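Let's take a walk through a protein model together, starting with how its helices pack and ending in its interior. Have the 3D view open and follow along.

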Amino acid sequence: MKIFGHEEVKKTIGLYLEKNYKSYSLIFEGKDCIGKKLIALKTAKGFLCEKNYTFGCDSCDSCRLAKNTILNIYEEKELNPHPDIKLISPENDKEIKIGQIREIKEFLKLKKEGGKAVIIEKAEKMNTEASNAVLKTIEEPPDNTLIILTTSNQNALLPTIRSRCKIIKFKPLNGEDIQNILRLKGIDENKIKVLTALSEGSMCLPMIIINNNKLFKYAKDFYNLIAVKSLHPEGIVNLAEILDKLDVKDIIVIFDILERIIYKKMLKGEVSLNLYEEFIKEQKKLKISIEKGVKKKLAVEGLYFNLKT
Ligand SMILES: [Zn+2]
């Protein structure tokens, strides 16, 4: 797994880990889907490396096991993982609970000569109990421990946690990095152009679209309906019926894609600022209503007709 971009961040991490502290607590902050977790895993690999290379030497036993851990996560392999790296993620992408933090504490209790590394992914999703428990660990970390919290919003973490960590800010990926990542995935060049334009420096939307191309198609269909000046109720009724069968989260993604399409069209002068602003307002209303359980078909039609008037 190659790291794309983030050259400055890599340098900062390297210099910081040379300080010979007894333990390290770091916060990696930046947009979702830009590579924070991968860099955290590689930092853990370097921390545990027998030769102490910043991101690992790739040849010692520890590095080989760390590489297995990374492949298990990113390529769904089932290789023998590194026993001294622990990654915690929110359960069902919703919440990090106290039980998961207790696991970390148990894990850190068993001392290892080579050290231990813990990564808490999307740390902003820790609930209050979990946050307090993490704070205690960070206040008195065992020697030779690396703790990394990754987050899209450091302000959602306890100030007392933030003040005890070295905060490293990640910039969004640039267009070239996004293109290179997509090329590596074997995406064709025309599609790479479109996906990069929609990316806003993060791989979140491009990955969703790659895995479910229909969502992009529906967003485009919706845009075409908006772009046509006269009312076409039958078009929107048909599309709303199709969208009605999708999950709420997919509909939200469709309207996120649509938002970026309209934004790009506005920059090109193809749609008015007024329409874009109206859309943003309506998009917020739609999200709230479908999350509350309003019939998706009605919410989608409502958005369309409100835009037209
Ligand atoms: Zn090594």
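To talk about how two helices cross, we need axes: these are lines fitted to C-alpha atoms, for helices over the stretch in contact, and the angles between N-to-C directions run from 0 to 180 degrees. Keep in mind that this is a predicted model, where local features need pLDDT of at least 70, side-chain atom pairs count only at pLDDT 80 or more, and totals for chains, interfaces and linings use all residues. Residues are numbered from 1 along each chain as its sequence is written.

Try helix α7 (residues 175-184) and helix α8 (residues 189-199): their axes come within 10 Å and cross at roughly 135 degrees. (Helices, H or I with at least four residues, and strands, E with at least two, are DSSP runs numbered from the N terminus.) That angle makes α7 oblique to α8; under 35 degrees counts as roughly parallel, over 145 as roughly antiparallel, 65 to 115 as roughly perpendicular and the rest as oblique. Who does the touching? On the α7 side you'll find G175, I178, Q179, L182 and R183, and on the α8 side I192, L195, T196 and S199. Being in contact here means that C-beta atoms, placed from the backbone, lie within 7 Å.

Now slide along to helix α10 (residues 213-227) and helix α11 (residues 233-244), whose axes also come within 10 Å but cross at roughly 160 degrees. α10 and α11 are therefore roughly antiparallel to each other. Here Y218, D221, F222 and L225 from α10 meet G235, I236, L239 and L243 from α11.

Let's zoom out. The protein chain has 14 helices and 5 strands, and its C-alpha trace spans about 70 × 40 × 35 Å along the principal axes. Of its 309 residues, 34% count as buried, meaning that 20 or more other C-beta atoms lie within 10 Å of a residue's own (exposed is 12 or fewer, partly exposed is in between).

Finally, look inside. A nonpolar core is a set of buried Ala, Val, Leu, Ile, Met, Phe, Trp, Tyr and Cys residues joined through C-beta atoms within 7 Å. The largest one has 40 residues, and A44, A117, I119, I120 and I148 touch the most other members. Helix α2 (residues 36-48) gives this core its largest share, 6 residues. Click on I148: leaving out residues up to four places away in sequence, I148 touches L26, F28, A40, T43 and I119. There's also a second, separate core of 33 residues, including I34, A240, I257 and I290.

Notes:
Two residues are in contact if their C-beta atoms, placed from the backbone, lie within 7 Å.
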